[in-house]
Structures are given as structure tokens and as C-alpha cells.
Amino acid sequence: MKFTLSWLKEHLDTDEPLEKLADKLTMIGLEVEHIEDKAKALAAFSIARVISAEQHPNADRLRVCMVDTGNGAAPVQVVCGAPNARAGLVGVFSPPGTFIPGKNITLGIGTIRGVESRGMLCSAAELQISEDHDGIMELPADAPVGAGYAQWAGLGDPVIEINLTPNRQDCTGVHGIARDLSAADMGKFRDPAIKPIKGEFPCPVKVTVEDPALCPGFALRLVRGVKNGPSPAWLQQRLTSIGLRPINALVDITNFMTYDRARPLHVFDAAKVKGNLTIRHARDGEKLLALDGRTYTLDSSVCVIADDHGVESLAGIMGGEASGCDQNTTEVLIESALWNEINIAQTGRKLGINSDARYRFERGVDPAFMVPGLEMATRLVMELCGGSPSENVVVGKQFGEDRVIDFPLTEVKRLAGIDVPMSEMKRILTHLGFMMAGQGPVVKIAVPSWRTDVQGKADIVEEIVRIVGVDKVPMTPFERGDNPRKPILSAIQLRTRRAKRALAARGLVETVTWSFIARPAAELFGGGQAELALANPIASDLSDMRPSLLPGLIAAAQANNDRGLADVALFEVGQIFRGDRPQDQFIAAAGIRHGFASSRGIGRHWSGSAAADALDAKADAFAVLAAAGAPMQALQIVPGGVNWLHPGRSGTIQIGPQNILGYFGELHPRAAQMLDAEGPLMAFEVILDRIPDAKQKPTRARPVLELSAFQPVSRDFAFIVDRGVRAGDIVRAAQGVDKKLITSVTVFDVYEGKGIDDGKKSIAIAVTIQPREKTMTDQEIDAVAAKIVAEVTRKTGGSLRA
């Protein structure tokens, strides 16, 4: 919602500075997002006159201008390329050191084709006043040379933009915003009564409402003898200041009413309306060419205003072009109505229309202002366009339901923890339009018609507290009781957070991709079931729920590659879908590395570069699992796995064959080709939900483990095993001999070839034995070594290599 300071002061008599008004707006719940003060931004720009404009000696399209800046100093030389630069022209001058908003540069003294330029003559686009950049601005000949341009042009009216919550429909108009500021002691609210205009003749157009649930109220009036044309300067300035384009007086009046009083209206050219008006459901297949130039196909869920010819307007959203007002309009029908909020929202979403009218009607407008809004619009039409009004035609309700709330005065203290005197409560509520009756301890409060969001006692407390000040609410600690508080985050939330941190620490950049992918990609990654297809996809290539995070990451990596950023490392942690049941939906962590984006650094470097490989993807996967609390000693690596990874350069991470945690490796060339991605791409994906929870066993407190005072012993073993035996099986067998003594088992050699039988291989491990209580004798060390050999032989079928 945008408005200017002067517009606000039309409804609020105040001398408060802009900064204080902005702070108060935010404090009472109308958050100020931006303030645009062109007078401040353009303070350095002044009005100047071109004394002479000579041809540049070294350029055909440039002129060397001598400019009188009006400050009594010598003329300034400016090189200008505008086609309209000429002697006698009065324009806008910016000296060196000025920031040019339209170009996002700070001007300096420059030399252009060998001629010095000490300033700039500006176009409207360079000042961001309009999109006109064909030439420098031409001001009237009597414009005061040397004066500040912004002040002379009347740009000293700041534009304020606030962010509204959906419940504050009353503040979609400047009038409602002023009411709130008045309640917050920022000035006196101006709310003159709207005097009804007596009709001079009966309205010849009748109105029929077929379904009152869609249109609770409808008011209409005809004005004859109007003369449509450009709206006056004050109205055009109001609209252009907030980014609206003036069209003509009749249309501008409706836009003004929308932003000034939160009352959307519509005007029909009465000569283009055939017969009477009917508010009804659209018929399936009916079409309407709307004012935005688009043709919409309607169905029976859409509410329309129709005449004998057909649909003339999308009710509460947008009018039709056929009955729109133009320069030839002499009779106008002014419509003010109430619409079903849910139907307006559904229709707007279905047709993809986001209009100012929809924004207000789907939140709910003031029902009691339907007829007064029509009267106010009629007066504006008569003042700006002339004409004679008919009597009003009103169908349905003119007022909303009365709401009276029994309110205990102690409720403010109970819910907010602050003491507010009854007199202050009454002052606040009265300024906001509420009425309070009674002396307590329970009073009756009548809710104004424009506050449809206030339904109960807590809403009344909220109104009082936001005006008193949320900063007045005392900080109150929660009662902890005798028992410790339970953790706030769930196990999967903690895993998600830790996984993101671990991957970011490894140099990967977090990415958020669509939860939908194309059907072929879904089928490639294990999805594509009918249950996961979208009934109404937003695009043809976003038709299925994703069974994996990798298609989106691969597309993001390729998009970077297409723009010259080949060395990328991306990750995402999000939801994937393998079926329509809750247990078929998982939280996964996945990553992609491409080009010279290895874990040793991203990009090429003089000291050497390393392309990403499958081991980088493995390290990423293990970093996620370790951070998420997976039992690292129990993890098993199985070569190969899913069909979208290269079979000889990939692996599966599991805890036994029944619990597969994820995959890593190089993307299969066929998969890359299908996804239009340039390889090689290294990828991993782990499912965080499948990590087993840590066992929670009550244990006694143990002293901190200190470094042993005894010398560790290292022994090497080489085993001849079948080629299919995994090194991890040997490591686990050795570790299981004595977990107290054996602190480390690592693989340092794998050999196949001369001296080893076909179908066999040699795997060598280094075992570290750490005594805790005494130095071990040779006999004790040999006994442990013998147990290691026996255990590895028993579990793998191997033998000690001679």
C-alpha cells in the first residue's frame, strides 16, 4: 500500500515529522517498508540554461554546450549527446559528484573524445521520473535558473509504502491509516460526513441478484450529461505518485476511491450497456475481453455482472473493455457493491488476475460504506465531469452484522501483562471507531463495520496493546518447574540443520529448487508413479513430485555452466517423494560438484587444480552422515547401486542390505544426456530419515578419558581374500577382537596381480593397540595378533599372506 505524505495529511491534521510518523506506523502494526523522498534524492540537481551548443570537433553526434548554472560563476562546459541539446534550452543540470539514480553511477569530471565535460544535462529517465530517455528534459523558458529542480517541480512529497497483514483491510485506504495514527496520538483525524446527493430522476437500469451469497449488496446510479477527459492535475499527481497511470477522469475517480477510502468501484459507459444488469454465475465457456486486454474463458464458479448482451464485468475484480469509459462517454453507471470474499479470491487465483479491486474485496471491505462510497464518487464525477445524477438503486444489505463483545476490563492485564486505565482504553477504542458502554468490570464494546477481523476479546486486547505500544509488554520468563524443558527441535530438524552446516563448511552453496520435475526425469530417478503426478501443474516440465533432489541440482549446475560458471558445488536439503503415503516421503540431503569444484578448492589456480571426482562426493556424503549422527562405524560401502550413477564410479552407503542410507559417485553419461547436462558431474544423496536414532541408555558419569601414559603398538597384517570380499569387512572383523585395546584399524594397501592367484587379492591393514593399564609384553601382543588373524579368517575366509 503506497501513499504520499500530503495525501495522508488530507485525512490527518498533524505536524509530526515524517520519521516519527513512519516509526509509529511500524509500531502499531502497519510496517513501513520503504520511503521514497525524491526531493532528498534529487537535491543536487538544479535548473540550468544552455548558452551555446557547438558541434563536437571529434564526434558527429556530440555537442559541446556552455551551461549557465545560475550560481553567478562562469558557464560550465558539458559534452552532451542528446539530439535536442541547443542554445536557449532550459533543463536539469547535475555537477560532478552527483549520484545519477537512473544510471546508478556517481558523476565525475570526464574527457569525452578529447573534450573535457564538467557535468551533465539529464533526461527524465536518468532522474527516474519517467521512462523518457530520448533527450534531455526541456523545462519552461521561465523556469528559475539556479533553483533546485526537485522543489520547483513539486517533488517534495515523500511516498510511503507499508506492508499490510491480511486482516487489516481497513488500511488498504489512506483514510483508515490516518484513523490508526490518530488513535496513536499522531494528529487529529479528519472524517467529515458524506452528504447524500439527491437524485433528479429514477435510474432506468434495474438490478437483479440471482445469488445473494455471491453479492450481499449492490448499489447503482446513473449520471447523465458528463464530459469525460483528462483528470485535473491534483488527481493525476495523486495517482502518478504511487505508480498508477492516469487514464481519464471517470476511471481516475474510481482508482482514487480505491486508494483513498478502500472502496473499489466500477464505472460503465451507460450507452454500451444493453438493458438491465444481472449479477449471476457465469455460464461455462462464456468469454470476456477485460480492461487489461486479455480474453478470459469463464465457468460457473465465477461471479459476473451481465446485461442483455452478455458478461460485462468480472464481479469485484475487473471490468470489461466493451463497456469501458472513454472520451466519448456522456452517460455513466457507477457501481458500488459487496462481494463474497472467498469467491473473489478463488476467481482471481483461477484466472490469474491480481487487481487492486481483488486485493481489497478478498480481504473484505466496509459494508456500511457501500452507499456512502457511491455518494462520494458521484460528487467527484459531478465536480470533475458535470452531469445530472439519478436516484440510487440499492439491492440487498447496506450494512454488515452488528457485533457487540462483552469485554472484561481485566483481560488486558491477563493476556498482555500491562495495566491500562479504563479511560485510556476508552480513548483508544473510540479513536479506532469502537463504542464502549458500561463502567465495568465487564463492558460492552460495539465493533465498527470496517473491522470485520475483530471477533472476540483477544482481538480487543490486541487493538489496545498495539496502540499503547508492544514495547510496553513486560518480558516474562516461562515457568520451568522442577523438570527440565523438552528440546524445541525434533530429531529430523536437528539433522537438517547440521547437514546444511556440514555441507556449507565443505564449500558447497545451498540451493532451493522446485519440488516438481518433468515426468522423464522423475522416472529416471525412481519416481513417475501416477499418484505423484500433479493434477494441475504450473508448467509442462513441472508435472511430477520429485523422487530425488538431484534433477533440480543438476539443472541449476547446468544453468550456471551455460552462463560461464562451470566450477560449481551446490547442495540442497529438502523433501522427496517416493509414494503417496506419509512413510514414502523423506527428508534428503544431496549435492552436485562440477568441473574444478573439488573438496580441495573451487576453480583453477596457479598452484594446481583438481577436478571433482567420485571420492569428493563420497566425502560430502560422509560429512552429512557424521554431522547428522549416523553410526559411522556401522556404515558399509557397496560398489555400484542406482542406475543413474556410473556403475564403476559409484557406491551405495548402507547399514546392512535392509537400510540403504544413500548413494554417491559420478552421474551416468546417459542420465546426463537425458537431463541436457554437460558432465562429468559428481553427485550424492543421503536420506536423513533413515539414520537410526542414537540409543538413549542411562549411564553413570565417567571421568574424562585421559591420554594413556603407555606406548601404543602398531602391527601390519596382509590377508589373501576372494576378490569379492570388501575391505570394510576385514576392518570390522579386526576392530571387533578387543574394542578396549584396538583404537584404530586402517587399510593401507590393496594389491592384485603377480604372485596372487586369479580371483584373489591382497588387503593390508594397520592395527593400533593402545595399552591402558600397563605396558604389554611381546607374548600379550602376539596373542592379540593371533586373535585378529583368526577373526578375519573366520569372517572373510581369507588367510594371512606369507
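This text leads the reader from the overall form of the chain to its cores and then to selected residues. The structure is a predicted model.

The chain contains 20 helices and 44 strands. Its radius of gyration is 38 Å, whereas the globule rule gives 28 Å for 802 residues; because 38 Å is well over that figure, the chain is more spread out than a compact globule. The extent of the C-alpha trace along its principal axes is about 120 × 85 × 60 Å.

Several totals describe how this chain is packed and what it presents to its surroundings. Of the 802 residues, 46% are buried. When contacts between residues at least 6 apart in sequence are considered, 68% of them join residues at least 24 apart. The accessible surface amounts to about 40800 Å², and carbon and sulfur atoms account for 52% of that area. As to charge, there are 90 positive and 96 negative side chains. The centres of these two sets are 6 Å apart.

The interior may be considered next. The largest nonpolar core has 114 residues, and the members that touch the most other members are Ile162, Ile177, Leu314 and Trp339. Helix 10, which covers residues 370–385, gives the most to this core, with 8 residues. Apart from the core of 114 residues, there is a second, separate core of 26 residues, whose members include Trp644, Tyr663, Leu667 and Leu681.

Isoleucine 162 shows the surroundings of one such core member in detail. Residues up to four places away in sequence being left out, isoleucine 162 touches Met1, Phe3, Leu25, Leu30, Glu31, Val32, Glu33 and Ile177. One of these partners, Ile177, is itself among the core residues that touch the most other members.

A further buried region can be followed through two residues that touch each other. Isoleucine 445 is part of strand 29, residues 442–446. Its relative accessibility is 0%, and it therefore counts as buried. Beyond residues up to four places away in sequence, isoleucine 445 touches Arg403, Val404, Ile405, Phe407, Leu429, Phe434, Met435, Met436 and Ile460. For one of these partners, methionine 435, the C-alpha atom lies 5.5 Å from that of isoleucine 445, although the two residues are 10 apart in sequence.

Methionine 436, another partner of isoleucine 445, belongs to strand 28, residues 435–437. Methionine 436 has a relative accessibility of 13%, so it too counts as buried, the cut-off being under 20%. Its contacts, with residues up to four places away in sequence not counted, are Met422, Met425, Lys426, Leu429, Val443, Lys444 and Ile445. Leu429 thus appears among the contacts of methionine 436 and among those of isoleucine 445. Methionine 425 is 11 residues from methionine 436 in sequence, and their C-alpha atoms are 9.1 Å apart.

Glycine 110 offers a case between buried and exposed. This residue lies in strand 10, residues 110–112. Its relative accessible area is 24%, and it is therefore partly exposed. Leaving out neighbours within four places in sequence, the contacts of glycine 110 are Val115, Glu116 and Ser117. By contrast, leucine 384, which is 274 residues away along the chain, has its C-alpha atom 51 Å from that of glycine 110.

Aspartate 60 lies in the loop between strand 4 (46–55) and strand 5 (63–68). At 74% relative accessibility, aspartate 60 counts as exposed, since exposed means over 50%. The C-alpha atoms of aspartate 60 and isoleucine 342 are 63 Å apart, and the two residues are separated by 282 residues in sequence.

Backbone geometry also deserves attention in the loops. Asparagine 104 has a phi near 55°, a positive value in a residue other than glycine. This asparagine occupies the loop between strand 8 (99–100) and strand 9 (105–106), and it is exposed, with a relative accessible area of 59%. Aspartate 676 likewise has a positive phi, about 55°, although it is not a glycine. Aspartate 676 is placed in the loop between helix 18 and strand 40, where it is exposed, with a relative accessible area of 63%.

The loop that holds aspartate 676 also holds proline 680, between helix 18 (669–674) and strand 40 (681–687). Proline 680 is joined to glycine 679 by a cis peptide bond, with omega at about -5°.

Technical notes:
Residues are numbered from 1 along each chain as its sequence is written. This is a predicted model: local features need pLDDT of at least 70, side-chain atom pairs count only at pLDDT 80 or more; totals for chains, interfaces and linings use all residues. Side-chain values use heavy atoms; hydrogens and water are left out. Helices (H or I, at least four residues) and strands (E, at least two) are DSSP runs, numbered from the N terminus. The radius of gyration is taken over C-alpha atoms; the globule rule is 2.2 Å times the number of residues to the power 0.38. Buried means under 20% relative accessible area, exposed over 50%, partly exposed in between (1.4 Å probe, protein chains only). Contact means heavy atoms within 4.5 Å. Accessible areas come from the Shrake-Rupley method with a 1.4 Å probe; for residues, only the protein chains shown count as cover. Lys and Arg count as positive and Asp and Glu as negative; His and the chain ends are not counted. The place of a charge is taken as NZ of Lys, CZ of Arg, CG of Asp or CD of Glu. A nonpolar core is a set of buried Ala, Val, Leu, Ile, Met, Phe, Trp, Tyr and Cys residues joined through side-chain atoms within 4.5 Å.
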